[in-house]
Amino acid sequence: MQGYIININKVKDEDLIVTILTESRLKTLYRFYGARHANINLGYKIDFEAVASAKSTISMLREVLPLSAKWMLQSNRFFIWQQFIKLMFRHLKDVTELDPFYFHLLEETSIMMERQNPQRVVIESYLQLLEYEGRLHDDFQCFICDEAIEKNLVLARSFLPAHQTCVFGELLEKKRIEKLFESKSTLYLEDDEVTHLWRLLQEGF
Ligand SMILES: [Zn+2]
């Protein structure tokens with residue numbers, strides 16, 4: 001089975017509880033400490049086996065084979081990827097069964113990470129997630145007062161649009177955000193706009 005490690009909790013001694021996002025579910029598995037184990041890290045893609053154990057209520061993580069991409073050795077890219085993965089875990093942690101969308105989103109994001117600006121990549125992936133979950137507010141109605149937004153706007157957490165008079169924040173041009181929501185591409189955005197969106201994204205999905 002293959003999946004992405006989206007959370008690692010240290011338990012007693014060096015044992016770990018590892019949460020893995022696979023195509024159809026979130027799996028929480030126990031890994032006993034052992035020097036012969038393959039090195040694992042948050043955000044790694046791995047091939048693995050989940051083995052039921054009489055000693056524990058959760059299955060054991062076994063036969064781990066890291067399938068990490070080359071770009072993961074670039075600390076700047078890997079850091080942003082790990083932030084994205086942490087946000088994904090916080091967003092999905094109470095879910096067991098999962099739509100394949102999430103696994104495939106990580107697959108695509110990982111491929112894009114190889115060549116493109118990592119902040120832009122995760123913002124574009126996040127827009128896909130918002131649209132998939134029906135949370136992309138491309139009608140541009142202010143989420144505070146429900147009135148239409150005519151010109152400029154402020155984006156809140158989850159990229160929720162609002163009037164400048166309704167929410168405090170950096171003023172953005174509606175036309176540019178409209179284009180972003182429609183294309184799910186950051187191509188037209190300046191670097192400072194991307195940085196702003198990335199900061200916003202870090203507040204949570
Ligand atoms: Zn408003």
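**Salt bridges and burial in a predicted model**

Q: Why does K45 count as buried?
A: In this predicted model, K45 has a relative accessibility of 13%. Buried means under 20%, so K45 falls in that class.

Q: What makes the contact between E107 and K45 a salt bridge?
A: The closest N and O atoms of E107 and K45 are 2.9 Å apart. The criterion asks for a Lys or Arg side-chain nitrogen within 4 Å of an Asp or Glu carboxyl oxygen, and therefore the pair qualifies. This salt bridge links distant parts of the chain, with E107 in helix α2 (residues 100–113) and K45 in strand β4 (residues 45–51), 62 residues apart.

Q: Why is E107 called partly exposed?
A: The relative accessible area of E107 is 22%. Partly exposed covers the range between the 20% and 50% limits, so E107 belongs there.

Q: How do you know that R176 forms a salt bridge with E193?
A: For R176 and E193, the closest N and O atoms are 2.8 Å apart, and the limit is within 4 Å. R176 lies in helix α4 (residues 174–183) and E193 in helix α5 (residues 191–201), so the pair ties together parts that are 17 residues apart in sequence.

Q: Is E193 buried or exposed, and why?
A: E193 has 14% relative accessibility. Since the class requires under 20%, E193 counts as buried. Its partner R176, at 26%, is partly exposed.

Q: What makes R135 and E133 a salt bridge?
A: Their side chains meet at 2.9 Å, N to O, against a limit of within 4 Å. By this rule the count comes to eight salt bridges.

How values were computed:
Residues are numbered from 1 along each chain as its sequence is written. This is a predicted model: local features need pLDDT of at least 70, side-chain atom pairs count only at pLDDT 80 or more; totals for chains, interfaces and linings use all residues. Side-chain values use heavy atoms; hydrogens and water are left out. Helices (H or I, at least four residues) and strands (E, at least two) are DSSP runs, numbered from the N terminus. Buried means under 20% relative accessible area, exposed over 50%, partly exposed in between (1.4 Å probe, protein chains only).
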